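Colleague: I am new to this structure and would like a close look at a single sheet. Please go through it strand by strand, and then tell me what else in the chain I should know about to place it.

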Amino acid sequence: MADTLKKPPVDIAIVGFGWTGAILASELAATGLNILALERGEDRDTHPDFEYPRIIDELSYGIRGKLFQQLARETVTVRHAPGDTAVPYRQHGSFLLGDGVGGAGVHWNGHHWRALPADLKLRTTFEERYGKAFIPEGMTIQDFGVSYDELEPHFDRFEKICGTSGRAGNLNGQLRAGGNPFEGARASEYPLPPLASPNSALLFARAAAELGYHPFPQAAANASRAYTNPLGAQLGPCNFCGFCERYGCYMYSKASPQTTLLPTLRGLPNFELRTRAHVQRVTLAADRSRATGVVYVDAQGRTVEQPADLVLLCAYQMHNVRLLLLSGIGQPYDVATGKGVVGRNYAYQLNGGATLWFDGKQPMNPFVGAGASGHVLDDFDGDNFDHGPLGFVGGASINCINTGGRPIQQLATPPGVPAWGAGWKKAVKENYRYQTSVGSQGSVMAYRDNFLDLDPTYKDAFGQPLLRMTFDWKPNDIAMTQFIGTKVEAIAKAMGPRQYRMNFTKPGDHYDLRVYQSTHNTGGAVMGTDPATSVVNRYLQSWDVPNVFVMGACAFPQNFGYNPTGLVAALAYWAAKHIRERYIPRPGALA
């Protein structure tokens, strides 16, 4: 390492500075230890980066992905099955890899969920209710190793940090009208009331209730009122501008690290943020029993060694898995033998929906939207319904959310309309104000042959192997989405549209990387109570290198029918508590 620049040691090095990095820095700052956060992208803040009107430039942000990772420098390769040849993901399609301070916490929509209690003990739930034989051969689902009751204070903490708008359905064990009757018991009400509902959501809620379901306002990390969070950060009320996903929020309304945590962090004397610091690996002691720091490439292209006593991997799900593989932490997963853990249990989500068009008596006005403005139902999610006669594991939440009506990406025309020209223009004029959608967000289970590893052929701009994704839909998940599609269609019909179009994955369909679905990639560094089937223990601490903790959705053993951010953050607060109260006073294995 003769050409390597060596920096003075720090107590804690945080790799990646999105939600989990900001949470860990905020929660550990009170220890007085020196904390260094390393973010490979650029620094960003509401002012000046998200100022109006330049942030609502759909061509720059929605189409060209100004907030996203440059795939020409680093990407992933993808294949459907172990015997296939993987090819690079060259244009953002199926998922959107964030970049820069705030990460995906800048361009998310703000759908704020807690995991269902049964989701956290999924295998136990299904085996006890339906028998072990109900779980298909090759499905490798497992329990998280932490319970809902243990995480409840941390779910609550994050909701208060975000200023989440919603209505509790289960307050201290008492079911309350207008909320989610299937949720776990919560200790307190949401900090803000729900967002106002657009006409589409009101029609959806009425139709769903008439069918016997239990619709409720989507919990939103978009502030419905002015709010000051427990750290003193101030958020402004959402103005329904319709520019949430793929955009930063110029109103200080959408919860992000910039609006909730950074205002206090930036002024702390024991916290430093270095941007354009691309971490390449975690360095290990000679006996590989502990981490000694990290190596990164700085903005000038220099290789920098940063010693640290504690390393927290807080990058995006895929990046954390890749760093573990590049650093030699944990045994890589081998699909041929089923042995190893790093890269195991990769999962995604299987979504579907219906697009609806109404007549002139029912204007939807799609341009009036927020990231999570609308209603949702949970009747067919998790194990909230009887799976026995249906023969599949998992489920989906069903929603009618009006995120906006942007002119390039959110123009939907009915079947039979030309794709361009005068006929298309006429159809847009006649239909734009009267369109809406009903969507489903479905779970995807973990399987032996859906996994992540290092690509043997393709490398990034620094010469390191890219991460390779092996993934395809399985019959269980397609059966789930086909069942959910019947429920979506029934609700769509009951809403009384002039016309509607269904879009659900069918048997025989393969995962299509070209079409956006969600940025809810999970697994690869899963948590658990058995080192033979997990990378980190129930405190998100590496089994093999105890001064390395790994945050994020990479810890999920499988995926469920919600946006993952609420659970990602709760796990980060849970880990931070145990790092602060147990690990720092006495470093070593916590489990």
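Modeller: Strand 4 and strand 5 run antiparallel and are joined by two bridges, and one point where you can find this contact is Thr 77, whose bridge partner in strand 5 is Pro 88. Before going further, please keep in mind that this is a predicted model, in which local features need pLDDT of at least 70, side-chain atom pairs count only at pLDDT 80 or more, and totals for chains, interfaces and linings use all residues. Residues are numbered from 1 along each chain as its sequence is written, and side-chain values use heavy atoms, with hydrogens and water left out.

The strands, like the helices, are DSSP runs numbered from the N terminus, a strand (E) having at least two residues and a helix (H or I) at least four. Two strands are said to pair if DSSP finds at least two bridges between them, and in this sense strands 5, 4, 20 and 19 form, in that order, an open sheet of four strands with mixed pairing. Its edges are strand 5, residues 87–88, and strand 19, each of which pairs on one side only.

On the other side of strand 4, residues 76–79, lies strand 20, and these two run parallel and are joined by four bridges; within this contact Val 78 has Met 469 of strand 20 as its bridge partner. Strand 20 pairs in turn with strand 19, residues 451–459, in the antiparallel sense and over five bridges, and here Asp 453 is found opposite Arg 468 of strand 20. Strands 19 and 20 make a hairpin with five residues between the strands, where Gly 463 takes a positive phi near 90°.

How enclosed is strand 20 by the rest of the structure? Of its six residues, 465–470, five are buried, so strand 20 is largely enclosed by the rest of the structure. Buried here stands for a relative accessible area under 20%, exposed for one over 50%, and partly exposed for anything in between, with a 1.4 Å probe and protein chains only.

To place the sheet in the chain, it helps to turn to the salt bridges, where a salt bridge is a side-chain nitrogen of Lys or Arg within 4 Å of a carboxyl oxygen of Asp or Glu. By this rule the model has 28 salt bridges. In one of them Glu 27 meets Arg 580, with 3.5 Å between the closest N and O atoms. Because Glu 27 belongs to helix 1 (residues 19–28) and Arg 580 to helix 13 (residues 565–583), this pair ties together parts that are 553 residues apart in sequence. Glu 27 is buried, at a relative accessible area of 14%, whereas Arg 580 is partly exposed, at 27%.

A second pair that links distant parts of the chain is Glu 245 with Arg 406, whose side chains meet in a salt bridge at 2.8 Å, N to O. Glu 245 sits in the loop between strand 10 (234–235) and helix 8 (257–260), Arg 406 in the loop between strand 17 (396–401) and helix 11 (422–431), and 161 residues separate them. Both ends are enclosed: Glu 245 counts as buried at 17% relative accessibility, and Arg 406 is buried at 2%. Returning to the earlier pair, Glu 27 and Arg 580 belong to one network with Arg 157, Lys 577 and Glu 581, joined by salt bridges that share partners.

A local counterpart is the salt bridge between Arg 123 and Glu 127, at 2.9 Å from N to O. These two residues both lie in helix 5 (residues 122–130), four residues apart, which is about one turn of the helix. Arg 123 is partly exposed with a relative accessible area of 25%, and Glu 127 is partly exposed as well, at 22%.
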